[in-house]
Amino acid sequence: TEMSRAAERLRLLINHLDRPSDAIVSFESHPLICKTQGEYTLDTDLLTPEQRLSYEQNGYILIKNLVSEEDINRFRYTHTRLCRQEVKAPGLVTMRDLAILKSEFVPDQRAISKIQDFQEDPELFRYCTLPQILKYVECFTGPNIMAMHTMLINKPPDAGKKTSRHPMHQDLHYFPFRPADWIVCAWTAMETVNRQNGCLVVLPGTHTGTLQEHDYPEWEGGANKMYHGVRGYDSQHPRVHLEMEKGDTVFFHPLLIHGSGMNQTQGFRKAISCHYASADCYYIDVNGTTQENIANEVKEITMRKYAGQEISFQDSWAFRGRLVKGERTSL
Ligand SMILES: CCCCCCCCCCCCCCCCC(=O)SCCNC(=O)CCNC(=O)[C@H](O)C(C)(C)COP(=O)(O)OP(=O)(O)OC[C@H]1O[C@@H](n2cnc3c(N)ncnc32)[C@H](O)[C@@H]1OP(=O)(O)O
Ligand SMILES: Nc1ncnc2c1ncn2[C@@H]1O[C@H](COP(=O)(O)OP(=O)(O)OP(=O)(O)O)[C@@H](O)[C@H]1O
Ligand SMILES: O=C(O)CCC(=O)C(=O)O
Ligand SMILES: [Fe+2]
Ligand SMILES: [Mg+2]
């Protein structure tokens, strides 16, 4: 991986030479290309040496109490209103859990296990622009920051078929942009999350590996749409359950293998998240790679959503991404 990362940097530089000169601002001096110490983080005076080392080694850092109770309560209120369709946000994607797909639909947060693409809802999108979050994000992405993907996960009480689980996966599987080291996810607990209600489970250190092949897990009760899992991951690898309190935030690398267990409580476990990438990242062609399967699924869905219009996997990302800091140089 050391070699492949060096090769990637070289490829980036070459790629830059092919661009129109106004496409990217002083790319050769990009702080992440120039960084000398620390493979995955930048020295912005925010992370302590221990935190930097922890991200280098584990692929995540957990910051306690980063988002205020007041903000989280506002996000919860907005979430309720969006689910009840009292407010609308263009582009919003809602997902119902497999277990209740065939039941009668009532517009309520209990029927919606996940909303995605809330970039057009000013109140929820405020999460992605919180200065205390962006300060951390910048340590991974550098100064030009795009919010590429937004989610509010409302893990329902498991209906008995274990469909509330999220299989072990690497988020990079979904992303047609690189380099991976310039992408980071911020995931904030909206209440206490623990083993009982299905907290995040991570395999520390797996971010130093490569992107694995993903597919639907062979689970008896089935798996939710697009919930691909790493094929044949090492079940002996040490696992860490990230138990968190309301407002605690974990930042993790897109190659880190993670998932979440089933919700064995009667409550709906809530978390809000955003995937950020450096605006200096570039799109890749995923044809002929392990990502082809997810690209085809996404194309199929966008085709249905936008009345038969063919939208490329890359364009569906360019379209949803929003600049939150600096300049929109490439993505
Ligand atoms: C611009 C559009 C963008 C499209 C989405 C792109 C998403 C890319 C993923 C990014 C993730 C990046 C970060 C990593 C995150 C890792 C993950 O989170 S993996 C899980 C990601 N899951 C999703 O992204 C699911 C997104 N959900 C949806 O797109 C929709 O909810 C939907 C599943 C397509 C359903 O929406 P809708 O079309 O409104 O619903 P219906 O018309 O009722 O159903 C259509 C069709 O789909 C079947 N279905 C519905 N829900 C589920 C489900 N939970 N599991 C399995 N299948 C489901 C339903 O039965 C219908 O099928 P039919 O054959 O047509 O009857
Ligand atoms: N067969 C499997 N293949 C892939 N991932 C799995 C499999 N079984 C469980 N997982 C994943 O492992 C993680 C932990 O799941 P699980 O529900 O078993 O909880 P747990 O952490 O083992 O907690 P507990 O032991 O208390 O049940 C989740 O991400 C889950 O989706
Ligand atoms: O909140 C969860 O259960 C995990 C979600 C996740 O990993 C994802 O959507 O990428
Ligand atoms: Fe994930
Ligand atoms: Mg278990």
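Trainee: I'm looking at R269 and ligand 3. How far does a polar side-chain atom of R269 lie from an oxygen atom of the ligand?

Mentor: This is a predicted model, so we read the distance off its coordinates. The two atoms, a polar one in the R269 side chain and an oxygen of ligand 3, are 2.8 Å apart. For a polar contact, the N or O atoms must be within 3.5 Å. The side chain of W187 has an N or O atom 3.1 Å from a ligand oxygen, and for D171 the value is 3.2 Å.

Trainee: And how much of the accessible area of ligand 3 does the protein cover?

Mentor: On its own, ligand 3 has 290 Å² of accessible area, and the protein covers 95% of that.

Trainee: Which elements give two or more residues to the shell?

Mentor: Look for β4 (145-155), β5 (166-169) and β13 (258-260). With three residues, β4 gives the most. Residues around the ligand include M151, I153, H166, H258 and S260. Sorted by class, the shell has four nonpolar, four polar and four charged residues.

Trainee: In what order do the strands of the open sheet with β5 and β13 run?

Mentor: Read across the four strands: β5-β13-β8-β11, with antiparallel pairing. To spot an edge, look for a strand that pairs on one side only; here that's β5 and β11 (240-242). From one strand to the next, the twist averages 25°.

Trainee: How many bridges join β8 to β11?

Mentor: Three, between antiparallel strands, with β8 spanning residues 200-202. You can find V202 opposite V240 of β11.

How values were computed
Residues numbered from 1 in each chain as written. Chains lettered and ligands numbered in written order. Predicted model: local features only at pLDDT ≥ 70, side-chain atom pairs only at ≥ 80, totals over all residues. Heavy atoms only, no water. Near = heavy atom within 4 Å. Polar contact = N/O pair within 3.5 Å; in protein donor to acceptor, adjacent residues only side chain to side chain. Areas by Shrake-Rupley, 256 points an atom, 1.4 Å probe, with all protein chains shown as cover. Nonpolar A, V, L, I, M, F, W, Y, C, P; charged D, E, K, R; others polar. Pairing = 2+ DSSP bridges. Axes fitted to C-alpha atoms, helices over the stretch in contact; angles between N-to-C directions.
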